[in-house]
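Please walk through this structure with me, moving from a single loop residue to the sheet and then to the helices that pack around one another.

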Amino acid sequence: MKQSVRTLFQESADSGAKLVGAAVGSGMAARHLLAGGADFILIASGGRFRIAGVPSFAAYTPMANANRLIMEPAIHEVLPRVGGRPVIIGLCPTDPTYNHDDLLRTVKQAGIHGVNNFPSIGFYDGALRRLYENAGYGYSREVAFMAAAAKAGLFTLPFVYSEDEARAMAEAGVDAICANLNLPVGPPPPGTEPVTVAEASFAFTKMFAAARKAKPDMYCLFYCAGPISTPEDIDAVLQNTGADGYMGGSVMERIPSAAAMEEISSQYKKIIHLSHENKHLRRELIRKKGFDEIVGQSGVMQDLYEVVNKVADKDVSVLITGESGTGKELVVKAIHYNSRRSDQPFIKVNCAAIPEALLESELFGHTKGAFTGASGDRMGLFQLADKGTLFLDEIGEMSLGTQAKLLRVIQQRELQRIGSDRVIKLDFRLIVATNVNLREVVTQGRFREDLYYRLNVVSIHTPALRTHKEDLPVLVSHFLRRIAEKLEQPRCRLEPEALDALQAYDWPGNVRELEHALESASVLCSDYVIQLKHLPSAVRNSNTTTPPPTRDSTRLFPDDVAAQPEARHEMDEAEKIRATLATCGWRRDQAAKLLGISRKTLYNKMQRFKIGN
């Protein structure tokens, strides 16, 4: 019986789904909440009190034959109505009318799957808590009871109320814990401060960490009460804590209608499921977006894809070098959108575009009155990038004074706003880029050597277009498609002489210059055909002084230049393969799956169409 519940919990964890437990007081509530999607039932005396119209906290006393009160409905009401689904019973280890061994034997013989400690001494503090502890009815008795239940082969899911209790239960060998803040549903009692979802999440996280430190495979759930009463609240706590699931009592059972209970349970289940699915789909779209803009199939570009794939999910600083216009920012975005920080802020700063007098304030922020013109507090870009990625472009243009302050922030992961002595802790990933040789700038004394080594953990170089001209045709095709979408017109085609000119030119402005040249030509041409005369003069002149290169436009330009009809099928297939490989970051096994062919077949077709050569 214990194993069947553990299997349910493990399958949920493996799939990324979240467990939903319903704490009930009747068989009817159990049946309808399971029908709505709950995964397991906790039958506890608090639910019995709710049925009678009495608040749950009336059941908190750890005396008064609490176990006899709940055992009968568990056996005769709940078990017959759940269709074999897991049932856990809340038992009071401090009930003096029951011996622990007898109590556990009764539970096993009845066919109940597991036990929980309800009511618990954890609901009390102060003098009353000390009274119970001194009398031998403290939380340690509950820990001993759960340890005995685990040894007896029952699934154990105790409530824990603090880090120490979570650790003690984990060391006792329980299967799972349910963190409980002992909060009422609805407004807080008069004279008490309300607890926020963020505060509840923080408390749960500490309890989970304590339990998992003692028992790494611990399943961790939380109890819904206080500020956690709606599916949206629950989803926020799940995301904040990484919990395996949650359990709800009166938040689910408060409406005594069968249809309403099924609907409530279904809503609580579905919103978490949909949130998980949406997060997964959003992550996949973001990852695709990260690589979509980087185009090329040459060896140097495939090397670039490989480095980006390797470094993206490693939380290290990256230095990106390369000439202007080679796509350094696109590489930065690909790294960010394929990292664990992809759903967090991406902040870009062009250090060369901000006056030196303002750059420090932009990066670190300032307080009101810190300097002339500081009319209010301002959050710096480092703080805005907290939990995400900060991209400092043209880092070589930063002054030595600002470099010193940047180094301190990188080393200590904290900053002080200008005019403030308050220290702000930060969690960010830093990526920098420059179009100058930063090592030479260090030698010249214009860039700090210690900062250079801090930034240059991993270095990526974006190649100049003239060094991989074999990528020019696929770049042209990519830009013509994008320009057509931007101008809301049919895609332009190139006359052979125009293509020759593009291939002969050395592109000192790199990929950016190529895109601008094609956009200008797309606006100036007639009938959506780009002729030599429509290209910029620098490109036209290069064609008159340089011998035209060997052109294989029928293979690389299926939609951008005229082609023979018999070659159309192969051209379409080749372009489909290229597009799929680019989408997958040139990972062949993944591309083969998307294309519905074997990896060997993909390799043969790449050889045939000379893709990647």
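In this predicted model, arginine 81 has a relative accessibility of 40% and therefore counts as partly exposed, since that class covers the range between the buried limit of under 20% and the exposed limit of over 50%. Arginine 81 sits in the loop that leads between α4 and β3. Leaving aside residues up to four places away in sequence, its contacts are with Gly27, Met28, Arg31 and His76. Another pairing of positions shows how the chain returns to this region: leucine 34 is separated from arginine 81 by 47 residues in sequence, yet their C-alpha atoms are 9.8 Å apart in space.

The two elements that flank this loop also belong together in space, for helix α4 (residues 66-78) lies across β2 and β3 and runs at about 165° to β3. Beneath that arrangement is the pairing of strand β2 (residues 40-43) with strand β3 (residues 87-91), which is parallel and extends over three bridges. Within this pairing, leucine 42 stands opposite isoleucine 88 of β3.

These strands are part of an open sheet of nine strands, whose pairing is parallel and whose order is β5-β4-β3-β2-β1-β9-β8-β7-β6. At the edges are β5 (155-156) and β6 (159-160), each of which pairs on one side only. On the β6 side, two bridges join β6 to β7, and these strands run parallel; valine 160 has alanine 179 in β7 as its bridge partner. Which way do the residues of strand β7 (residues 176-179) point? Ala176 and Cys178 point one way, Ile177 and Ala179 point the other way, and all of them are buried.

Further along the sheet, α10 lies across β8 (219-224) and β9 (245-248), with a direction at about 150° to β8. The helix α10 (residues 231-241) also packs against helix α9 (residues 197-214), at an angle of about 40° and with the axes 9 Å apart. The two helices α9 and α10 are therefore oblique to each other, and α9 passes α10 in a right-handed crossing. At this contact, Val197, Ser201, Phe204, Thr205 and Phe208 of α9 meet Asp233, Ala236, Val237, Asn240 and Thr241 of α10. By class, the residues of this contact of α9 with α10 divide into five nonpolar, four polar and one charged.

A second helix pair can be read in the same terms. The axes of helix α20 (residues 472-487) and helix α22 (residues 510-524) come within 10 Å and cross at roughly 50°, so α20 and α22 are again described as oblique to each other, and their crossing is right-handed. From α20, the residues Leu475, Val476, Phe479, Leu480, Arg482, Ile483, Lys486 and Leu487 meet Val511, Leu514, Glu515, Leu518, Glu519, Ser522 and Val523 of α22. The residues of the contact of α20 with α22 divide into 10 nonpolar, one polar and four charged.

One last helix is worth locating by its burial. Why does helix α14 (residues 328-337) count as largely enclosed by the rest of the structure? Seven of its 10 residues are buried, and α14 is therefore largely enclosed. The buried residues of α14 are Lys328, Val331, Val332, Ala334, Ile335, His336 and Tyr337.

Key:
Residues numbered from 1 in each chain as written. Predicted model: local features only at pLDDT ≥ 70, side-chain atom pairs only at ≥ 80, totals over all residues. Heavy atoms only, no water. Axes fitted to C-alpha atoms, helices over the stretch in contact; angles between N-to-C directions. Helix = DSSP H or I, 4+ residues; strand = E, 2+ residues; numbered from the N terminus. Parallel < 35°, antiparallel > 145°, perpendicular 65-115°, else oblique. Left-handed = near helix turned anticlockwise from the far one by under 90°. Contact = heavy atoms within 4.5 Å. Nonpolar A, V, L, I, M, F, W, Y, C, P; charged D, E, K, R; others polar. Pairing = 2+ DSSP bridges. Buried < 20%, exposed > 50% of the residue type's maximum accessible area, 1.4 Å probe, protein only.
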